[in-house]
Amino acid sequence: MQSLAAVNINKYFYDPQEFHVLKEVSFEVKRGEFISVVGKSGSGKSTLLYLLSTLDTAYTGSIAINGTTVTGLTQNQLATFRNEHIGFVFQFHYLLPEFTVLDNVMLPALKLNKRPKEEIREKALDLLTLLDVRGHEHKKASMISGGQQQRVAIARALINDPAIIMGDEPTGNLDSKNTKTVFNIFRQLARERNQTIIAVTHDDEFAANCDRIIEMVDGRIIAQHP
Amino acid sequence: MNRTNNKISWVHLTSKLRQLFVAVLSVVFGISMYIFMNSFMNGVNNAQTDITFTSMAHIKVYNDLNGESPILLPPPLSSDTIQFVSNAREISYTEGIRNADEIKNILLSNKNIVAVTEQVNQNVFFRNGVAKLNGTLSGIDVTNEPRLFGTNDYMVEGDLTELDKRPDAIVLGSGLAVRLSAYTGDNITLTTSDGVTKIFRITGIIETGTGSIDKSRAMISIQSARQLLSKNKSYATEVLANVRDYNDARKIADEVKGDIKYKTEPWQEGNAQLESANTLRDIIAVAVSLTILIVAGFGIYNIMNMTVNEKMKEIAILKAMGFDGKDIIQIFLTQSIIIGLIGGFTGLITGFIISAIVDRIPFHIASFTTLPISYIPLDYVMALVFGLIITFIAGYLPAKKASEVDPVAILRG
Ligand SMILES: Nc1ncnc2c1ncn2[C@@H]1O[C@H](COP(=O)(O)OP(=O)(O)OP(=O)(O)O)[C@@H](O)[C@H]1O
Ligand SMILES: [Mg+2]
């Protein structure tokens with residue numbers, strides 16, 4: 001069963017000069033697959049992930065997620081789609097600094113509004129426990145360390161049980177122990193809950209243990225292995 | 001969905017209390033000034049009108065003598081006759097109103113006319129010792145006169161009803177009394193234009209606030225005036241009427257005009273300056289207060305714009321998490337509306353308090369002892385309505401801008 005399909009994606013930046021950043025990118029991801037995207041700095045990994053997560057719509061080609069062609073949907077339709085189907089962990093762990101850790105994790109679920117608030121709260125606390133940031137849930141998000149923030153961001157990405165989770169170096173700020181924890185969580189979500197994971201990483205060990213590695217050079221996919 | 005957005009608005013508002021305070025303050029200032037300006041201007045207008053109508057009736061009926069001269073001789077029949085009439089003058093005419101009772105009845109039968117009185121006015125000489133002054137003597141109907149002019153309120157000494165009790169009683173305008181160096185209890189001599197002289201006793205002093213009138217007018221009872229001028233019982237120089245709302249005087253004068261063979265004149269005729277002064281003051285009040293409100297609107301706009309700029313990253317994150325443009329508008333617009341509501345209601349109270357304080361500042365003119373303030377509920381409603389409209393606009397623009405933030409551009413870092 002197909003979770004994501006990208007067909008012949010091309011993207012240009014025009015500022016400061018025309019720059020062909022993604023070149024004829026096509027690939028497919030099966031449901032429950034755990035994929036890592038690797039490549040040198042500047043090879044276009046983040047750019048690709050913004051397209052796949054539907055945040056960036058300025059490209060040619062087409063993207064389908066969970067059988068829905070997202071290319072061509074309006075911004076508001078995409079927002080609703082993201083809320084329900086995509087969990088995103090940014091390269092820089094962006095939280096809402098004025099909200100508590102718990103509120104940050106709960107917000108996407110409150111926005112989706114499909115479960116009662118109590119249940120959302122329970123689930124958020126479970127995720128925080130899972131990611132080892134329990135005990136900080138009532139602190140402001142700006143009051144915890146970088147590594148903790150990154151794990152809170154991961155918890156937030158998981159709260160709506162999205163069909164597909166995308167991470168731009170989700171373990172970039174973590175020590176090896178926490179990296180292992182996050183990796184194991186992703187592994188488990190993919191295997192047991194059939195959630196698709198696409199993670200950009202510079203961590204060779206992380207990549208090596210994935211189901212598949214997509215390697216990018218200068219905006220092209222040059223290899224997929226195994 | 002709404003509750004989540006409101007929660008976000010609330011967190012934004014409460015995490016920047018100082019900004020919230022400044023924004024609320026600018027609304028409070030705008031609204032309270034709007035209320036104060038309008039209350040004060042209305043107060044001044046009403047005071048002005050009150051003073052004006054202490055000596056002027058809404059409608060005046062009098063015998064207008066400036067008619068065309070009647071034709072004294074029929075024109076010559078044949079063209080070879082030349083006719084000269086030099087130094088033509090009227091030799092018989094009626095002065096004043098012969099049958100004032102009839103006019104009073106016509107006026108009273110109009111249901112918009114609330115009070116009617118008659119006066120006999122005459123230019124006379126006042127003499128007290130060597131002081132000899134020209135002035136107006138008003139014979140007044142002691143019962144009805146106060147119904148039109150609130151005359152009793154302006155008596156600074158003595159009692160108006162004394163005029164009915166003694167045929168030789170006279171009430172002097174305050175300025176006139178000073179010019180004559182006459183005091184209550186003194187006797188003064190009156191000489192009419194026909195040369196009749198009579199001694200009157202001062203029983204009261206009146207001060208209406210209109211200097212020119214206070215300096216030249218004295219009042220006696222209408223019966224004494226008729227006697228003094230040897231006129232019949234129903235004689236009056238003018239019949240005066242007040243209507244329910246003085247703004248309607250023109251319309252009502254037109255209604256009764258047909259039945260009255262004398263000149264029937266609403267107050268606006270010949271007093272256009274009063275009407276236009278009121279209108280001008282209203283325009284100034286509205287212009288100034290709206291300007292203040294708009295400046296307050298800029299205050300909110302500025303603060304919300306700052307908030308949006310500061311929160312670009314948060315907006316991008318919210319959008320990435322699935323909040324759409326409408327949500328973002330709602331989140332930021334809610335903040336300005338809350339600011340508008342808190343500031344608005346505080347402003348209403350503050351405006352009322354400022355007005356109440358100014359209302360107590362001593363200011364002596366005519367029958368006023370403090371600065372005039374009118375408390376008009378409509379001013380308060382309008383202040384709130386304008387205030388909220390302006391807050392809404394001032395909040396909508398930054399909110400719209402926030403909703404158009406491109407999350408990728410921000411998140412790419
Ligand atoms: N807004 C932009 N305008 C113009 N060029 C851009 C813009 N954003 C990125 N680029 C360029 O596009 C290329 C790909 O950038 P991207 O951020 O996708 O790289 P990356 O593979 O994620 O790198 P890293 O591993 O350092 O995060 C880079 O050469 C970068 O300079
Ligand atoms: Mg990157």
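This is a short walk through a two-chain model, chain B first and then chain A.

Hi everyone, thanks for coming. Please keep in mind that what you see is a predicted model.

Let's begin with chain B. Its 413 residues are arranged with 14 helices and 12 strands. How does its radius of gyration stand against that of a compact globule? For 413 residues, a compact globule would come out near 22 Å, but chain B has 33 Å. The box around its C-alpha atoms tells you about the outline: along the principal axes it is roughly 105 × 70 × 35 Å.

The domains are worth a look here. Chain B is split into domain 1, made of 2–52 plus 275–412, and domain 2, made of 59–71 plus 93–269. So, how far apart are the C-alpha centres of these two domains? They lie 52 Å from each other. As for contacts across the two, 6 residues of domain 1 of chain B meet 8 residues of domain 2 of chain B.

A few overall values for chain B, then. Half of it is buried, or 50% of the residues to put it as a number. Taking contacts with a separation of 6 or more, 77% are between residues 24 or more positions apart. Chain B exposes about 20600 Å², with carbon and sulfur atoms supplying 59% of that. For the charges, there are 37 positive and 39 negative ones in chain B, and their mean positions are 7 Å apart.

Let me zoom in on two residues. B:Val156 sits in strand β4 of chain B, residues 155–158. Leaving out neighbours within four places in sequence, which residues does B:Val156 contact? They are B:Ile205, B:Ile206 and B:Glu207. Take the last of these: B:Glu207 is 51 residues from B:Val156 in sequence, while the C-alpha atoms of the pair are 6.5 Å apart in space.

The second residue is B:Gln268, in the loop between β10 (263–266) and α10 (272–310) of chain B. Is B:Gln268 buried or exposed? Its relative accessible area is 4%, so B:Gln268 counts as buried, the cut-off being under 20%. Apart from residues up to four places away in sequence, B:Gln268 touches B:Tyr246, B:Asn247, B:Ala249, B:Arg250 and B:Glu275.

Now over to chain A, with 7 helices and 10 strands. Here the globule rule gives another picture: 226 residues would call for a radius of gyration near 17 Å, and chain A has 17 Å, so the two agree. The C-alpha box for chain A is roughly 45 × 40 × 40 Å along the principal axes.

Buried residues account for 57% of chain A. Its accessible surface is about 9800 Å², and 48% of that belongs to carbon and sulfur atoms. Chain A carries 25 positive and 26 negative charges, with mean positions 3 Å apart.

I'd like to finish with some backbone details in the loops of chain A. Which peptide bond is cis, with omega near 5°? That is the one from A:Asp15 to A:Pro16, and A:Pro16 is in the loop between β1 (2–13) and β2 (19–30). Then there is A:Asn113, in the loop between α3 (101–112) and α4 (117–130), where phi is near 60°, a positive value in a residue other than glycine. A:Asp218, between β9 (212–217) and β10 (220–225), also has a positive phi, near 50°.

That's my tour, thanks for listening!

Key. Residues are numbered from 1 along each chain as its sequence is written. Chains are lettered from A and ligands numbered from 1 in the order in which they are written. This is a predicted model: local features need pLDDT of at least 70, side-chain atom pairs count only at pLDDT 80 or more; totals for chains, interfaces and linings use all residues. Side-chain values use heavy atoms; hydrogens and water are left out. Helices (H or I, at least four residues) and strands (E, at least two) are DSSP runs, numbered from the N terminus. The radius of gyration is taken over C-alpha atoms; the globule rule is 2.2 Å times the number of residues to the power 0.38. Buried means under 20% relative accessible area, exposed over 50%, partly exposed in between (1.4 Å probe, protein chains only). Contact means heavy atoms within 4.5 Å. Accessible areas come from the Shrake-Rupley method with a 1.4 Å probe; for residues, only the protein chains shown count as cover. Lys and Arg count as positive and Asp and Glu as negative; His and the chain ends are not counted. The place of a charge is taken as NZ of Lys, CZ of Arg, CG of Asp or CD of Glu. Domain bounds come from an automatic or database domain assignment.
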